[in-house]
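Biologist: Thanks for sitting down with me over this one. Could you show me the fold, and then let me ask how each description is justified?

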Amino acid sequence: MCGIIGIVSRSKRQIASDMYFGLYALQHRGKESAGMVTIDDGKYYSHKGMGEIPGVFDKGILSNLPGSIGIAHNRYSTTAESDKQNIQPIRGIWGGKEFWIVHNGNLVNTEKIIEQCLAKGRQPYTSSDTGAIATLISMSSDFSFEGAVKKAVKKLEGAFSFIILYNDRIIAIRDKLGIRPLCLGKRKDGFLVASESCAIHHMGGTLIRGITPGEMLVINKEEAKKYYCPRVINRKHSIYEFIYFSRPDSIILGRRVRDIRMNMGRLLAKECPVDADIVIPIPDSGTCGGIGFIEESKIADGQSAILRTHLVSRTFIEPIQELREKGVDLKFVIYDEDIKGKKIVLIDDSIVRGTTMKRLIKFFRDAKAKEVHARIFSPPYRYPCYYGVDTYRVEDELIAKRKNGDVEEIRKELGLDSLGYLSLDSAIKAVIETPCITRTSVSLTKDDFCSACFSGKYPVELPKK
Ligand code: SF4
């Protein structure tokens, strides 16, 4: 899970500060490192660093990134270590000329690609799957750079959305199943590409459309031209993007993520009713679903009984367990007087390891709640993701996996009075039935989603190793 951005502007104005705001808007997708590269008068300028956006860039650094075309990235490490050599954009050379690439997603055939590169005497640029892709492109022979990229992309398996910077243009590509999001936007002076439309908004643009699964879009100052777009037979959009990853104000598949989550909350209240005095959505992950749950259940709104301090951001993407636990303590404050003697129901989007939920339950028990229930607007997160989230590296820590998906066992371990999860059918229904707010509506069927972390049905075959 990473955030990627690209800008092509016709104006002479520097676009580095626009990309800074775009990256800021996508900080929820990764906070281990960030980088950007621009081109001005044929010369590339780059800056990369470990940490969150405000720590990596400042005014002086941004002013040293001239040019009106560029790409940027913030990283949440998946296939490779969280270290300096894997910070993106990654530089490659094709036909003696430089190109730069940013990637969101995760390939499942990285090892095979690396073996092929090594067999031809080429050392991959970095140990990440993005490094392998850059190497593959650099080895790909064709008359044009676009042709070389197209040939290389055909060898990739897994989830990927890319933006490549080459000369006077950027190339945006999305895998043929459309697992990870990528969208195209515009503003008066040119075109914008981003993982989510919230970044387009913060860069001063408006959303045109989602980039189609399998599409390769070449964007220069004059136009955004479809270079290649196969007939899509099968789509597999990550259902978890709608549940957790994406920012609520983003528009994906024509639908506002907030509206989808509210729908999930309504369906959850119908599927798993509970006798409680107040509903407490866990901020921010449970907020939209919680509002839907309150609306449907008619139970009193307890949002003001908890404060999210914003001293730390997402704890799920903290790489070390100790940091995750400390993060939860710093992140939430409970108003004890609102809780004492009450039957409360907590609403959250999902339970991955159970770290956050366990700590919160302790806080509410300490505040003398009469009963503590939880309702989750997704099914048990039981299987690891190999398509851009590192849960395969912590497979044995997934609480629903450890408990074989047994909700009663999960409830006992967490120490709840009752626990209910939204069914997969209802999670998908919530997306499909949310009305489109874009000019062209995107019709969906229940087969258009990857739900492997809930169902164990992986849409891209995994390597045996
Ligand atoms: S396995 Fe889960 S998180 Fe991964 S792409 Fe599929 S739905 Fe999304």
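Modeller: Gladly. Two strands count as paired if DSSP finds at least two bridges between them. Please keep in mind that this is a predicted model.

Biologist: Then what makes S17 and S18 a pair, and in which sense do they run?

Modeller: Strand S17, residues 278-281, shares two bridges with S18. The requirement is at least two bridges, so S17 and S18 pair, and they do so in the parallel sense. One place to look is Ile-278, whose bridge partner in S18 is Ala-300.

Biologist: Which helices pack on that sheet?

Modeller: Helix H10, residues 287-297, packs on the sheet and touches S17, S18, strand S21 (343-348) and strand S22 (371-376). The direction of H10 makes about 160° with that of S17. Helix H13, residues 355-366, also packs on the sheet, touching S21 and S22, and its direction makes about 150° with that of S22.

Biologist: What is the strand order of the sheet, and why are S18 and S23 called edges?

Modeller: The order is S18-S17-S21-S22-S23, an open sheet of five strands with parallel pairing. Strand S18 (300-301) and strand S23 (418-421) each have a single partner strand, so one side of each is left without a neighbour in the sheet.

Biologist: How does the other sheet compare, the one containing S11?

Modeller: That open sheet has seven strands in the order S3-S2-S4-S1-S10-S9-S11, with antiparallel pairing. Strand S3 (43-50) and strand S11 (206-210) are its edges, each pairing on one side only. On average, neighbouring strands there are turned by 15° against each other, direction ignored.

Biologist: How do you know that S9 and S11 pair?

Modeller: Strand S9, residues 183-187, and S11 have four bridges between them, in the antiparallel sense. The cut-off is at least two, so S9 and S11 qualify as a pair. In S11, Leu-207 is the bridge partner of Gly-185.

Biologist: Now the helices. Why is H4 called oblique to H5?

Modeller: The axes of helix H4 (residues 110-119) and helix H5 (residues 129-139) cross at roughly 40° and come within 10 Å. Under 35 degrees would count as roughly parallel, and 65 to 115 as roughly perpendicular. The crossing angle therefore makes H4 oblique to H5. H4 passes H5 in a left-handed crossing. Among the contact residues are Ile-113 and Cys-117 of H4, with Ala-132 and Leu-136 of H5. The contact divides into six nonpolar, two polar and one charged residue.

Biologist: And what makes H9 oblique to H10?

Modeller: Helix H9 (residues 257-271) and H10 have axes that come within 6 Å and cross at roughly 45°, so H9 is oblique to H10. Their crossing is right-handed. The contact includes Arg-258 and Leu-268 of H9, and Ile-291 and Phe-293 of H10. Its residues divide into seven nonpolar, six polar and six charged.

Biologist: Which backbone features should I look at?

Modeller: Most residues other than glycine have a negative phi, and most peptide bonds are trans. Against that, a cis peptide bond joins Gln-88 and Pro-89, with omega about 5°. Pro-89 sits in the loop between strand S4 (69-75) and strand S5 (90-94). The bond from Pro-283 to Asp-284 is also cis, with omega near -10°, and Asp-284 is in the loop between S17 and H10. Asp-41 has a positive phi, near 55°, and lies in the loop between strand S2 (33-40) and S3.

Notes:
Residues numbered from 1 in each chain as written. Predicted model: local features only at pLDDT ≥ 70, side-chain atom pairs only at ≥ 80, totals over all residues. Contact = placed C-beta atoms within 7 Å. Axes fitted to C-alpha atoms, helices over the stretch in contact; angles between N-to-C directions. Parallel < 35°, antiparallel > 145°, perpendicular 65-115°, else oblique. Left-handed = near helix turned anticlockwise from the far one by under 90°. Nonpolar A, V, L, I, M, F, W, Y, C, P; charged D, E, K, R; others polar.
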